[in-house]
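Visitor: I would like a close look at a single part of this model, taken slowly and with the details joined up.

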Amino acid sequence: MTILFEPFALRGVTLRHRLVVPPMCQYSAVEGIANEWHFANYARFAMGGAAMVIVEATAIDPRGRVSPGDLGLWRDEQIAPMRSITAFLAAQGCVPAIQLNHGGRKASCRRPWHGSAPLDDDDMQVRNEPGWPVVAPSAVPAGDKSPMPVALDLEGVQALVGEWASAARRALQAGYEAVEIHAAHGYLLHQFLSPLSNHRTDCYGGSREGRMRLTLEIAEAVRAVWPHDKPVLARVSAVDGIDGGWSLDDTVVLARALKERGVDAIHCSSGGLVGAATMSRLARTPGFQVSFAERIRREAGIPTIAVGLILTPRQAADIVDNGQADLVAIGREALLDPNWPHHARLELQPERGFDDWPPQSGWWLERRAAILRSES
Ligand SMILES: Cc1cc2nc3c(=O)[nH]c(=O)nc-3n(C[C@H](O)[C@H](O)[C@H](O)COP(=O)(O)O)c2cc1C
């Protein structure tokens, strides 16, 4: 017995079970616009049985794109091409969600398969992809080879709140039922949270309260435009994994404050402040971030999503059955096997057969299984 395949409600949106696909950037958009690749990529996870698919980090501002291939929702023309994705996901019984992001000092980089380094003249010559100036809370670069970011002035910081809300409004028009604020992996909001990257002396820096201010203002603004019956999620790096950085104690305080502002679940990742997106000193062992989800859930009293090297159906079931998290995100395992949720159910509840598969394949597989059983 497991509750892994029991429904889970976030406000008026009910996930059919507890397995979700986390945001995974495809770096394949042009001018931030979704195309057939995005449709096929997200459709396969919905057909594979995910209860919710969170579409990749989508830029709220062109300066905030991590790479030239990031999706965007900074202008209205970017809405319509997403509608086929959200409509298809919903038709498969999968909740369409989207992550909104600003890369801050980690924007303007090459796609991972081009090396992830900051864009330079070579990118202009080889792919006609110029870089752009990056912004951050303070003039502190992400690494030795990273460009010096321009520190946002007060007006620039406050403008982000409206931009985030406008992008959320567009996400709603595109058909998403849940929106996730990306405050993890060393991108702009995480840069504001961490004392290692935020050296501001105004009301958006200094104390933990000051460093949390922008994230909380954005949460309030997004909540204000997002319908009352639909969930707002926040992704956090629960720890920087660097001495003197953002800690798990800080995250518990942040999670409580996000909850007060109407955020419905915390997606618990870690690291990324310096270097690659999730680089940190944490040992990468199976389920290495689950304890963060557990403590935040217990001490902030808010639903959590566990993520990170969750590899087997039994592991996923144990996480929800032991009350460590409410939802389990399956990332790279779903790249390996987009039918991962269906296969997990077959493994843990074989008696249910293929009843939750799309009938276009499930009908045949059920009969094939009966033939194989009768022959053995
Ligand atoms: C190809 C790829 C792209 C990713 N893009 C994002 C992203 O857009 N936003 C984000 O918060 N995390 C991103 N991540 C991190 C994943 O959401 C997830 O946290 C990570 O892969 C760990 O989970 P896993 O071990 O199940 O893959 C990405 C990961 C991969 C593999």
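At what angle do H9 and H11 pack, and how far apart are their axes?

Guide: Please keep in mind that this is a predicted model. In it, H9 and H11 pack at an angle of about 85 degrees, and their axes lie 9 Å apart. An angle between 65 and 115 degrees counts as roughly perpendicular, so H9 is roughly perpendicular to H11. The contact is made by Pro313, Ala316 and Ala317 on the H9 side, which meet Ala344, Glu347 and Leu348 in H11. By class, the residues of this contact of H9 with H11 divide into five nonpolar and one charged, with no polar residue among them.

To place that contact within the helix, consider H9 itself, which spans residues 313-321 and in which Pro313, Ala316, Ala317, Ile319 and Val320 are buried. These buried residues are on the same side of H9, because they cover an arc of only 155 degrees around the axis. Helix H11 (340-348) is one of the elements that the buried residues of H9 pack against, and the others are strand E3 (19-21), helix H8 (290-300), strand E12 (304-306) and strand E13 (327-329). Just after H9 the chain reaches glycine 323, which takes a positive phi of about 70 degrees.

Key:
Residues are numbered from 1 along each chain as its sequence is written. This is a predicted model: local features need pLDDT of at least 70, side-chain atom pairs count only at pLDDT 80 or more; totals for chains, interfaces and linings use all residues. A residue is buried if 20 or more other C-beta atoms lie within 10 Å of its own, exposed if 12 or fewer, and partly exposed in between; C-beta atoms are placed from the backbone. Helices (H or I, at least four residues) and strands (E, at least two) are DSSP runs, numbered from the N terminus. The arc is that of the directions from the helix axis to the C-beta atoms. Two residues are in contact if their C-beta atoms, placed from the backbone, lie within 7 Å. Axes are lines fitted to C-alpha atoms, for helices over the stretch in contact, and angles run from 0 to 180 degrees between N-to-C directions. Angles under 35 degrees count as roughly parallel, over 145 as roughly antiparallel, 65 to 115 as roughly perpendicular and the rest as oblique. Ala, Val, Leu, Ile, Met, Phe, Trp, Tyr, Cys and Pro count as nonpolar, Asp, Glu, Lys and Arg as charged, and the others, Gly among them, as polar.
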